[in-house]
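Me: Please take a close look at one part of this model, the nonpolar core and the strand that borders it. I would like the surroundings described as well, with the cut-offs behind each term.

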Amino acid sequence: ERTTTPGLRWHLPSPIESAITPKVTRSNRVEVGFRSGVDVSRGRDVEDESLMLTGDENIVDINFVVLWQIGDAGQYLFNVRDPEDTVKAVAESVVREIIGKTPFAEATTEGRKAIEDSALEQIQAILDNYGAGVLINRVQVQKVDPPDQVIDAFRDVQRAQADRERAQNEAQAYENDILPRARGDGEKILQDAQAYQQEVVARSEGDAQRFISVFNQYDKARDVTTRRIYLETMEEVLRDMNK
């Protein structure tokens, strides 16, 4: 109520307003594939979310967490009806697509980091496109295992693969040890054979050369040489006889 002129009053309604102040610094958590509740160690799987098909048509049981916070309060409040459900739906969809392109062996072993990095990038891009005002801080893969129904058989396969790799490594070590020694022995035999060959050839060439030399002398004076050979032979034969 206010007075403009003497004797005249205006009654104006008071405006009613409400201020919404979301906590933009708080870290929020979305769980996909499981629910931890109060006690994380007693969490339970949600198979409708956790079972996903891999690129080579196997099934994995994956649990992961998305950590996020409000990036733009205005967008967060007015562009998306339920931001937390939106983050969860987008995260599950993105990870299903990534797992669907990843081989089973890679997803369950060294591929976790790549899954996390790719998921964070794609989730953020989709939420930005929605104008959700959400900032994704991290995607954490809690586990990527075969389904419970086949995990024992899967572990048997893993043990068999480990045994096979160990046997291959032992065979490779034996090969690396025996082959150099065999090559060394073979090289030694070859060198000995070559040395023997050279010795025999040299001796034969020397004998042949001596024969040729004697023959050349004989050919120059056959009568004298024949008589000399005859006398030398008879001298050798009769040397020890009593005559």
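Reply: What follows goes from the whole chain to the core, then to single residues and the surface.

The model is predicted, and local features need pLDDT of at least 70, side-chain atom pairs count only at pLDDT 80 or more, and totals for chains, interfaces and linings use all residues. Residues are numbered from 1 along each chain as its sequence is written, and side-chain values use heavy atoms, with hydrogens and water left out.

The protein has seven helices and eight strands; helices (H or I, at least four residues) and strands (E, at least two) are DSSP runs numbered from the N terminus. Of its 243 residues, 25% are buried, where buried means under 20% relative accessible area, exposed over 50% and partly exposed in between (1.4 Å probe, protein chains only). Among contacts with a separation of 6 or more, 69% join residues 24 or more positions apart; contact means heavy atoms within 4.5 Å.

The largest nonpolar core holds 30 residues, and Phe64, Val66, Ile123 and Ile136 have the most contacts inside it. Two or more residues each come from strand 3 (28-32), strand 7 (59-70), helix 3 (83-99), helix 4 (104-107), helix 5 (112-130) and strand 8 (134-145). Helix 3 gives the largest share, seven residues. Such a core is a set of buried Ala, Val, Leu, Ile, Met, Phe, Trp, Tyr and Cys residues joined through side-chain atoms within 4.5 Å.

Val66 shows what one of these core residues touches. Neighbours within four places in sequence aside, Val66 is in contact with Asn28, Arg29, Val30, Val87, Ala91, Ile123, Ile136, Arg138 and Val139.

Asn28, one of those partners, lies in strand 3. Asn28 counts as buried because its relative accessible area is 12%. Beyond four places in sequence, Asn28 touches Val66, Leu67, Trp68 and Gln69. Its side chain also makes a polar contact with the side chain of Arg26, at 3.2 Å. A polar contact is a pair of N or O atoms within 3.5 Å; within protein, one must be able to donate a hydrogen and the other to accept it, and residues adjacent in sequence count only if both atoms are side-chain atoms.

Glu31 is also placed in strand 3. With 12% relative accessibility, Glu31 is buried. The side chains of Glu31 and Ser36 make a polar contact at 2.5 Å. Residues up to four places away not counted, Glu31 touches Ser36, Glu49, Phe64, Val65 and Lys88.

On helix 3, Ala89 is partly exposed, at 46% relative accessible area. Ala89 and Val30 are 59 residues apart in sequence, and their C-alpha atoms are 10.0 Å apart.

Glu57 sits in the loop between strand 6 (51-53) and strand 7. Its phi is positive, about 65°, although Glu57 is not a glycine. Glu57 counts as exposed because its relative accessibility is 67%.

Away from the core topic, Phe211, Ile212 and Phe215 form a nonpolar surface patch with about 320 Å² of accessible area together. Patches are made of residues with over 30% relative accessible area and no salt bridge, like charges being joined within 9 Å and nonpolar side chains (Val, Leu, Ile, Met, Phe, Trp, Tyr) within 5 Å. A salt bridge is a side-chain nitrogen of Lys or Arg within 4 Å of a carboxyl oxygen of Asp or Glu. Accessible areas come from the Shrake-Rupley method with a 1.4 Å probe, and for residues only the protein chains shown count as cover. Phe211 belongs to helix 6 (residues 151-220) and is exposed, at 60% relative accessible area.
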